[in-house]
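Welcome! Please take a moment to look over the sequence and the structure below, and then let us walk through them together.

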Amino acid sequence: MKLTDNVLRSFRVAKVFRENSDKINCFDFSPTGETVISSSDDDSIVLYDCQEGKPKRTLYSKKYGVDLIRYTHAANTVVYSSNKIDDTIRYLSLHDNKYIRYFPGHSKRVVALSMSPVDDTFISGSLDKTVRLWDLRSPNCQGLMHLQGKPVCSFDPEGLIFAAGVNSEMVKLYDLRSFDKGPFATFKMQYDRTCEWTALKFSNDGKLILLSTNGGFIRLIDAFKGAVLHTFGGYNNSKAVTLEASFTPDSQFIMIGKMWLFYYFFFSFKLFISGM
């Protein structure tokens, strides 16, 4: 399906799932796109079949809780951060509901988790003001970066660099092969006291970076120069709900989820809003 303005305007709610009794924290699609997984404050991990449009399986993490969750390159394994007991990241087999490995190290809540698009590497950012580099095959941290504030982080689509948004005011780019030498580029943004950055994502063509917030706007910046290309706003977020914003696969639209609305934008920065 080719995504156009008319196609996006035609989107409607097709089905509502009510498997959770508390707030859903995170969604992630499998590498094949055949399943999607969710994590919730009710300690559940729900696996959905995208082709049949129905829940497939529910697992529980009652002891540790579950916050951010990401598929690995295998459709039957995930890594997830916890919101109980400690801040260890856990590597789980969905097939038999058993832990494969633990990744201890963070001393405060993990607020960013990104899987490399090309191998078994992943990165995590925490309120302990660190970004850690991991390999699924080892419980030991492969790299550690101390920052000056709360980080959000993500790999680029080629898995060669990763970006870290620090303290909601600057973006640092690191070469994965020499991250210990520090960032090769730093982009300073205008600081906004009214909100915090909640996520950072690259477009699939690697040219753009999307900065989500818990305020009334998100920002789109040039991934090479750091220039702010556009600030999307115009909606009320007085309760500081974390906005979930993503690029469409063709990198031509941005979709933002908040409450019962979704918003989508052309790169010409003309704004369209469609109620659901």
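## A four-stranded sheet

This is a predicted model, and a good place to begin is a sheet of 4 strands. The sheet is open, its strands follow the order β1-β2-β3-β4, and their pairing is antiparallel. β1 (24-29) and β4 (54-60) are the edge strands; each has a single partner strand, so one side of each has no neighbour in the sheet. On average, neighbouring strands here are turned by 20 degrees against each other, direction ignored.

What holds strands together in a sheet? Strands pair through backbone hydrogen bonds, in either a parallel or an antiparallel way. In this model, β3 (residues 44-49) and β4 are joined in the antiparallel sense over 6 bridges. Along that pairing, V46 faces T58 in β4.

## Where the record places repeats

An unreviewed UniProt entry gives the feature "repeat: WD" at residues 17-58 and 103-138. In the model, residues 17-58 are 55% strand and 0% helix, and the end C-alpha atoms of this span lie 13 Å apart. Residues 103-138 are 56% strand and 0% helix, with end C-alpha atoms 8 Å apart.

## The strands around β11

Now follow the chain to strand β10 (residues 121-126) and strand β11 (residues 130-135). These two make a hairpin with 3 residues between them, and K129 in the turn has a positive phi of about 65 degrees. β10 and β11 pair antiparallel over 6 bridges, and T121 sits opposite D135 in β11. A further hairpin comes next: β11 and β12 have 2 residues between them. Here 5 bridges join β11 to β12 (residues 138-146), again in antiparallel fashion, and T130 of β11 stands opposite H146 in β12.

Is β11 buried or exposed? Of its 6 residues, 6 are buried, so the strand is largely enclosed by the rest of the structure. T130, R132 and W134 point one way from β11, while V131, L133 and D135 point the other way, and all are buried.

## A second enclosed strand

Strand β13 (residues 151-155) also has every one of its residues buried, 5 of the 5, so the rest of the structure largely encloses it. P151, C153 and F155 lie on one side and V152 and S154 on the other, and both faces are covered.

The partner of β13 is β14 (residues 161-166), which runs antiparallel to β13 and is joined to it by 5 bridges. S154 stands opposite A163 in β14. The two strands form a hairpin with 5 residues between them, and G159 in the turn has a positive phi of about 70 degrees.

## Aromatic rings

The model contains 10 aromatic pairs. One of them joins Y64 and Y99: the ring centres are 6.0 Å apart and the planes stand at 75 degrees, so this pair is edge-to-face. The two residues are 35 residues apart in the chain, with Y64 in the loop between β4 and β5 (69-71) and Y99 in strand β8 (residues 98-103). Y64 is buried at a relative accessible area of 13%, whereas Y99, at 30%, is partly exposed.

Another pair is F122 with W134, where the ring centres lie 6.2 Å apart and the planes are at 15 degrees, so the rings are stacked. F122 belongs to β10 and W134 to β11, so the pair ties together parts that are 12 residues apart in sequence. F122 has 0% relative accessibility and counts as buried; W134 is likewise buried at 0%.

Which residues gather around Y64 in one aromatic cluster? The cluster is formed by Y64, Y80, Y99 and Y102. Y64 has a charged companion as well: the charged end of R90 sits over the ring of Y64, 3.4 Å from its centre.

## Cysteines without a bond

A disulfide is a covalent bond between the sulfur atoms of two cysteines. How many disulfides does the structure hold? The count is 0. For C26, the nearest cysteine sulfur is that of C153, 13 Å away. C26 is buried, with a relative accessible area of 7%. For C50, the nearest cysteine sulfur belongs to C26 and is 14 Å away. C50 is partly exposed, with a relative accessible area of 32%.

Terms used. Residues numbered from 1 in each chain as written. Predicted model: local features only at pLDDT ≥ 70, side-chain atom pairs only at ≥ 80, totals over all residues. Heavy atoms only, no water. UniProt positions renumbered as here; feature names shortened; annotations may be inferred. Pairing = 2+ DSSP bridges. Axes fitted to C-alpha atoms, helices over the stretch in contact; angles between N-to-C directions. Buried < 20%, exposed > 50% of the residue type's maximum accessible area, 1.4 Å probe, protein only. Phe/Tyr/Trp six-rings, centres within 6.5 Å; stacked < 30°, edge-to-face > 60°. Lys NZ or Arg CZ within 6 Å of the ring centre and 35° of its normal. Disulfide = S-S within 2.5 Å.
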